[in-house]
Structures are given as structure tokens and as C-alpha cells.
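Reader: I should like to learn how to read helix packing and pockets in a protein model. Would you take me through them step by step?

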Amino acid sequence: NYMPRYSSDLSQTVGMSAIGELGVSRWLLESDFSITVEGFRSGYLLIPENFLEGLRQTGYRRDSTYAAGLTRGYFPFVLFEVNSGVVTTYPIVEYPMGLEDRHLTDETFTQILDAWESVIRANYNNNAPTVLNIHPVSTGPRREALEAILDRVADLNLWIGDWKTFAEFWEAQGVTCERWPSA
């Protein structure tokens, strides 16, 4: 029944909801690929009203929508809201995204790689993680950038891996909320 549509008269999408978007996204991925989807990242860092409640109601456990610049740090944390002095925690751990490839082109390649390397090295010196979001493509500047950044930081003693393993490590360190229901 979920049928959002773009209205050219209003120049916006009508009939959409955070829960609808989150639920349909998860359902499509799980149905099409026969996998369990636990993590979400909103495109372009768009955060709709009721986003956290939508994540909770649709069963996500992890999110990387918020950029490290918005969260003022790189370390994972339990998502929460504060309204009128009341703190509401959600059973979702946020993994702030530190770097992404949105503006990566052949023309910006060196400048972006220099910035990525600077952030990775600064975080390494502070024992902080860096979440790098590179869209999964097999060719072009994104793949070349991934290979190049790995070469540039090869001298560091880094762990590089998938989000699920990274998340399981942090969650085992006690970053989750004590009020979470068991999975």
C-alpha cells in the first residue's frame, strides 16, 4: 500500500514517510538478496522527521547517516533524542561517517585523497576509528581512490574491514544501551 509519488505541481514527494521509506528499503534488500539487513545509511545525509523512531520500528540496529562533523566525533554511540529535557534512547548504534566519495571525480582525485589521508592519520594518532563510505563500483575513480588510500596508509597498523565486524567489536565493548532488548 505504500505509494509515495513526486508531485511536479508541488515540486516535492507526497505520501512518503520515514517508516515507509526505511521499511520498504529493508524489505526489498532482504527479499531480493535473502540477507538480513541491520544497517542503514541515508543518501546525501538526509534525515527526515521521525527518523530515529522509523529506524527503531523497522528493526535496524546500526546507522551511519550522521557525519562525524555533525556528531562532533568519530566514535560510535547509542542514538538518542532530547525533547523538553526528556532523553529518549533508541536501540540503534550510530557509526559516524568520517569520509565519503560524493565529490570524487578525476579532477578532484588528488585533493580528496590528500584530505582522506589527513583525517585517517589524525584519527589514528587519537586512536579513533574512521568510517569511509565508498560506493560499491568496480571501475572508475572510486575504485582507484580506494586502492590509492589503502596504499597511502599502508604504513599504519590499521584494521580495515566490513561494517558488521566493526560494529560487533564496538557493541561488545559496551557501547550499547543497557535498556536494549536482547537480539
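Author: The dialogue below goes from the overall layout to the packing of helices and then to the pockets. Please keep in mind that this is a predicted model.

Reader: Let us begin with the layout. How many helices and strands does the protein have, and in what order do the elements run?

Author: The protein has six helices and eight strands. Read from the N terminus, the order of the elements is β-β-α-β-α-β-α-β-β-β-α-β-α-α. Taken along the principal axes, the box filled by the C-alpha atoms is roughly 50 × 45 × 40 Å.

Reader: How does one describe two helices that pack against each other?

Author: Two packed helices are described by the angle between their axes and by the distance between the axes. Consider H1 (residues 18-33) and H2 (residues 51-58). Their axes come within 8 Å and cross at roughly 40 degrees. H1 is therefore oblique to H2.

Reader: Is the crossing of H1 and H2 left-handed or right-handed, and which residues make the contact?

Author: The crossing of H1 and H2 is right-handed. On the H1 side, the contact is made by Ala18, Ile19, Leu22, Gly23 and Arg26. H2 contributes Phe51, Gly54, Leu55, Gln57 and Thr58. By class, the contact of H1 with H2 has five nonpolar, four polar and one charged residue.

Reader: May we apply the same reading to H4 and H5? At roughly what angle do their axes cross?

Author: The axes of H4 (residues 109-125) and H5 (residues 141-152) cross at roughly 40 degrees and come within 10 Å. An angle between 35 and 65 degrees is classed as oblique, and H4 and H5 are therefore oblique to each other. Their crossing is right-handed.

Reader: Which residues of H4 and H5 meet?

Author: From H4, the residues are Phe109, Thr110, Leu113, Asp114, Trp116, Glu117, Ile120 and Arg121. They meet Pro141, Glu144, Ala145, Ala148, Ile149 and Arg152 in H5. The contact of H4 with H5 comprises eight nonpolar, one polar and five charged residues.

Reader: Let us turn to the pockets. How much space lies in the largest pocket, and which residues are closest to its centre?

Author: For a pocket, one may consider its volume and then its lining. The largest pocket holds about 1,300 Å³ of space. It is lined by 37 residues, and the closest to its centre are Thr130, Val131, Leu132, Gly161 and Phe166.

Reader: Which elements supply at least two residues of that lining, and what is its make-up by class?

Author: Strand S3 (39-40), H4, strand S8 (132-133), H5 and helix H6 (163-172) each supply at least two residues of the lining of the largest pocket. H6 gives the largest share, five residues. The lining of the largest pocket has 23 nonpolar, 12 polar and two charged residues.

Reader: What can be said of the second largest pocket?

Author: The second largest pocket contains about 250 Å³ of space. Of its 13 lining residues, Glu21, Phe40, Ser42, Leu46 and Pro48 lie nearest its centre. The largest share of this lining, four residues, comes from H1. By class, the lining of the second largest pocket divides into eight nonpolar, three polar and two charged residues.

How values were computed. Residues are numbered from 1 along each chain as its sequence is written. This is a predicted model: local features need pLDDT of at least 70, side-chain atom pairs count only at pLDDT 80 or more; totals for chains, interfaces and linings use all residues. Side-chain values use heavy atoms; hydrogens and water are left out. Axes are lines fitted to C-alpha atoms, for helices over the stretch in contact, and angles run from 0 to 180 degrees between N-to-C directions. Angles under 35 degrees count as roughly parallel, over 145 as roughly antiparallel, 65 to 115 as roughly perpendicular and the rest as oblique. A crossing is left-handed if the near helix is turned anticlockwise from the far one by less than a right angle, and right-handed if clockwise. Contact means heavy atoms within 4.5 Å. Ala, Val, Leu, Ile, Met, Phe, Trp, Tyr, Cys and Pro count as nonpolar, Asp, Glu, Lys and Arg as charged, and the others, Gly among them, as polar. On a 1 Å grid over the protein atoms alone, a cavity is a set of points where a 1.4 Å probe fits but cannot get out, and a pocket is an open set with protein on both sides within 12 Å along at least five of seven lines; lining residues have an atom within 4 Å of a point. Grid points are joined across faces, edges and corners, and a volume is the space filled by probe spheres set on the points.
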